[in-house]
Amino acid sequence: MSAALPAGRRGLPRKVPRKYVPVLVTAGLFAAMLVAGGLRYRGFADGQVVLNVFVDNAFLLVVAVGMTFVILTGGIDLSVGSVVALSTMISATLLTGHGWPAPAVIVLVLAIGAALGLAMGAIIHHFEIQPFIVTLAGMFLARGLCYTIGTESIPITDGTFTALAQTKVRLGGGLWVSPSVVVALVVVLAAAYVLHHTRLGRDVYAVGGGEQSALLMGLPVARTKIAVYTISGFCSALGGVLLSFYMLSGYGLHAVGMELDAIAAVVIGGTLLTGGSGYLLGTVLGVLVLGLIQTIISFEGTLSSWWTKIFIGLLLFAFILLQRLISARRG
Amino acid sequence: MNAVARHRLFWPAVTLAGLLLLNLVFTDHFFSVQMKDGHLYGSLVDIVRFGAPLILVATGMTLVIATGGIDLSVGSVVAISGALACLRISELGDQGSVGGVLAAVGVALALSLALGAWNGFLVAGAGIQPIIATLILMVAGRGLAQLVTDGQIITVNSAPYKLIGGGYWLTLPFGIVVVAAVLALTVFLTRRLALGLLIESVGGNAEASRLAGVRARGLIVTVYAFCALCAGVAGLMISSNVSSADGNNAGLWIELDAILAVVIGGTSLAGGRFSLGGTVLGALIIQTLTTTIYSIGVPPETTLLFKALVVTLVCLVQSPAFGRKAFHRRARPASPRPAPDEKVKVTA
């Protein structure tokens, strides 16, 4: 019922299929916000301001990519924020407390994240418990493990991590991004390739469009569902590693509520929460819009931080209403 | 015995009893309830008292989930309601005036109702998925609560307001009285009148029940408004108990606890059926778990680990698929035997 049907839409050129409309609207909004910010604030229309949105949100981007996979199958993953925190905590403990080498730590953290996701996916599929509840338990588990490791913030002084945190990848013209942004973009490209050019990607859309139909078509529903939660767990762990580059500390209270930001980014990017319809490009734009809201509020100066939440709420409302209108006209 | 074991509240009740017994091992006189200065005291009373806001929120959540929906915004409503009431009271000339406190409480509850109606309108009127419709208020509402308190913690010093969350009435903590009243009213409305049946029919199939003449939209708006009202009352209790309102942290994650309580109580998230008794059991399990962790001396940092463990176990035990797969070998030989008996009965 939520499958995007390609069809012309009144008011737009025939060439733009309706399934691209939500993504295009998000892109339009992003452009409008950039223009409005540039007109209103001195120094806003600078390439580095846009790049800083990437630098400050690289970890969220990676997490949101994993969330996109899960939401495309019609599921939800509430554990991502906690897994991010757990990853920073494990990294910090092993690096600072036990003197492990950085590559070993990163590999271990990624493996733990993927394993947590795999376990949640297996429980969701084999025992038929709602994703909401299973990932909620996963959220408690990961957050609880953080506090069990330690309740204090642990600084990271490891050479590799600090080097990665301070390196600037120069793009010419005085513009730069952090290595995390490069990692995030690689993840986005890999995920886009998997979603649109591999069998797994087609299975993800098929399961989201209708699990029963996918099963009757002989698609590997079990493998797909477990795979998306594993991907989400892996992406969360990677997001956690990027966050430890950004924060240079491990703390059980890092990334509280990040699952909401990730879900909001996916929704603003035009992906339907019922599954089966949406694009990774939309998620990228969604993360950028969220980041730009924060930038604008910091440029405004007088607005307090809670306006961010109110604006995100309003944006969510506007986008969901838009999606409703589009899908209502389709019927 | 088998019929008892198959009752939907069997496993939640066993879990709660197990937790309580565990407490008895570690704490002497855990079950003793004493009367001091005309007030009831005791660990059991405390569990119900501290669990009161959760029971309230979970009661409203049960009805929402019964319609096939979900309400993520209750935590924000808790914060907004507490913040608004404390703001109004702090602006009073005499914070002890009963009329002023009643007016503040009235305004806070009216706003909660309005927020709930807004959720209901988004779900029933605009046809937005419940999880998303309420996500809007969950995110924006936290900001609104901080807007009301201006990012500060508002403290009040008002005896009448303190009664709601910290006072006693007829030997019982006032919060328990409120919860009992709300529960009794809800049970009466849903189990003695047709309302419960209508809610379940909407949860089973909203379109079919609309065609059958049930006013599904009005019902859904009512249910969301009721849920927000419960959250509003819980918000008053929480802020009154500490005589202050914190827009940032009040009611944080209470929506998740409430949903857990409902699910542990055996109400399916798919909607169409609900069990208020199960929800109360579920909320008590969550509260007892917290108490147990403190009383048996587990470091409080591992609270969440235990919660994850218990939640997973209770959900697994209740999952029919888990029963089929985990007890595969035992179930197989047992199942063919009762079948012929039943057949004989039918033919005879």
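**Entry 1: a term to start with**

I call a crossing of two helices left-handed if the near helix is turned anticlockwise from the far one by less than a right angle, and right-handed if clockwise. I looked at a predicted model here, and with that term in hand I began in chain B. Helix 12 of chain B and helix 13 of chain B cross in the right-handed sense.

**Entry 2: helix 12 and helix 13 of chain B**

I stayed with this pair for its geometry. Two packed helices are described by the angle between their axes and the distance between the axes. For helix 12 (residues 254–264) of chain B and helix 13 (residues 276–295) of chain B, I noted an angle of about 125° and axes 7 Å apart. That angle makes helix 12 of chain B oblique to helix 13 of chain B.

Which residues make the contact? From helix 12 of chain B, I listed Asp257(B), Leu260(B), Ala261(B), Val262(B) and Ile264(B). From helix 13 of chain B come Thr279(B), Gly282(B), Ala283(B), Ile285(B) and Ile286(B). I sorted the residues of this contact into seven nonpolar, two polar and one charged.

**Entry 3: helix 4 and helix 11 of chain B**

Next I turned to helix 4 (residues 74–90) of chain B, whose axis comes within 7 Å of the axis of helix 11 of chain B, at a crossing angle of roughly 55°. Helix 4 of chain B is therefore oblique to helix 11 of chain B. The crossing of helix 4 of chain B with helix 11 of chain B is right-handed.

I wrote down who touches whom. Helix 4 of chain B brings Val74(B), Val77(B), Val78(B), Ala79(B), Ser81(B), Gly82(B), Ala85(B) and Cys86(B). On the side of helix 11 of chain B, I found Cys227(B), Ala228(B), Ala231(B), Gly232(B), Ala234(B), Gly235(B), Leu236(B), Ile238(B) and Ser239(B). How many residues of this contact are charged? I counted twelve nonpolar, five polar and no charged residues.

**Entry 4: helix 5 and helix 11 of chain B**

Helix 11 of chain B has another partner in my notes, helix 5 (residues 98–125) of chain B; their axes come within 7 Å and cross at roughly 145°. This crossing of helix 5 of chain B with helix 11 of chain B is right-handed. Its contact residues divide into 21 nonpolar, six polar and one charged.

**Entry 5: chain B as a whole**

Stepping back, I found 17 helices and six strands in chain B. Its radius of gyration is 22 Å, close to the 20 Å that the globule rule gives for 348 residues, so chain B is as compact as a globular protein of that length. I read the span of its C-alpha trace along the principal axes as about 80 × 60 × 35 Å.

**Entry 6: chain A as a whole**

Chain A has 13 helices and four strands. Its radius of gyration is 20 Å, which agrees with the value near 20 Å that a compact globule of 331 residues would have. Taken along the principal axes, the C-alpha atoms of chain A fill a box of roughly 60 × 55 × 35 Å.

**Entry 7: where the chains meet**

I then checked the contact between the chains, which takes 36 residues from chain A and 35 residues from chain B. On the side of chain A that touches chain B, helix 5 (131–149), helix 11 (258–268) and helix 13 (306–330) of chain A each supply at least two residues. Which helix of chain A gives the most? Helix 13 of chain A does, with twelve residues. I sorted this side of chain A into 24 nonpolar, eight polar and four charged residues.

**Entry 8: how sure the predictor is**

Last, I looked up confidence. The model scores ipTM 0.78 and pTM 0.84. Chain A has a mean pLDDT of 87, with 94% of its residues at 70 or more. Residues 1–9 of chain A fall below 50, and this stretch has 19 contacts in the model beyond near neighbours in sequence.

Chain B averages 84, and 92% of its residues score at least 70. Where in chain B is confidence lowest, and where highest? It is lowest in helix 17 (residues 338–347) of chain B, at a mean of 37, and highest in helix 11 (residues 216–241) of chain B, at 94. Over residues 331–348 of chain B pLDDT stays under 50, and I noted one contact there beyond four places in sequence.

Key
Residues are numbered from 1 along each chain as its sequence is written. Chains are lettered from A and ligands numbered from 1 in the order in which they are written. This is a predicted model: local features need pLDDT of at least 70, side-chain atom pairs count only at pLDDT 80 or more; totals for chains, interfaces and linings use all residues. Axes are lines fitted to C-alpha atoms, for helices over the stretch in contact, and angles run from 0 to 180 degrees between N-to-C directions. Angles under 35 degrees count as roughly parallel, over 145 as roughly antiparallel, 65 to 115 as roughly perpendicular and the rest as oblique. Two residues are in contact if their C-beta atoms, placed from the backbone, lie within 7 Å. Ala, Val, Leu, Ile, Met, Phe, Trp, Tyr, Cys and Pro count as nonpolar, Asp, Glu, Lys and Arg as charged, and the others, Gly among them, as polar. pLDDT is the predictor's confidence in each residue, from 0 to 100. The radius of gyration is taken over C-alpha atoms; the globule rule is 2.2 Å times the number of residues to the power 0.38.
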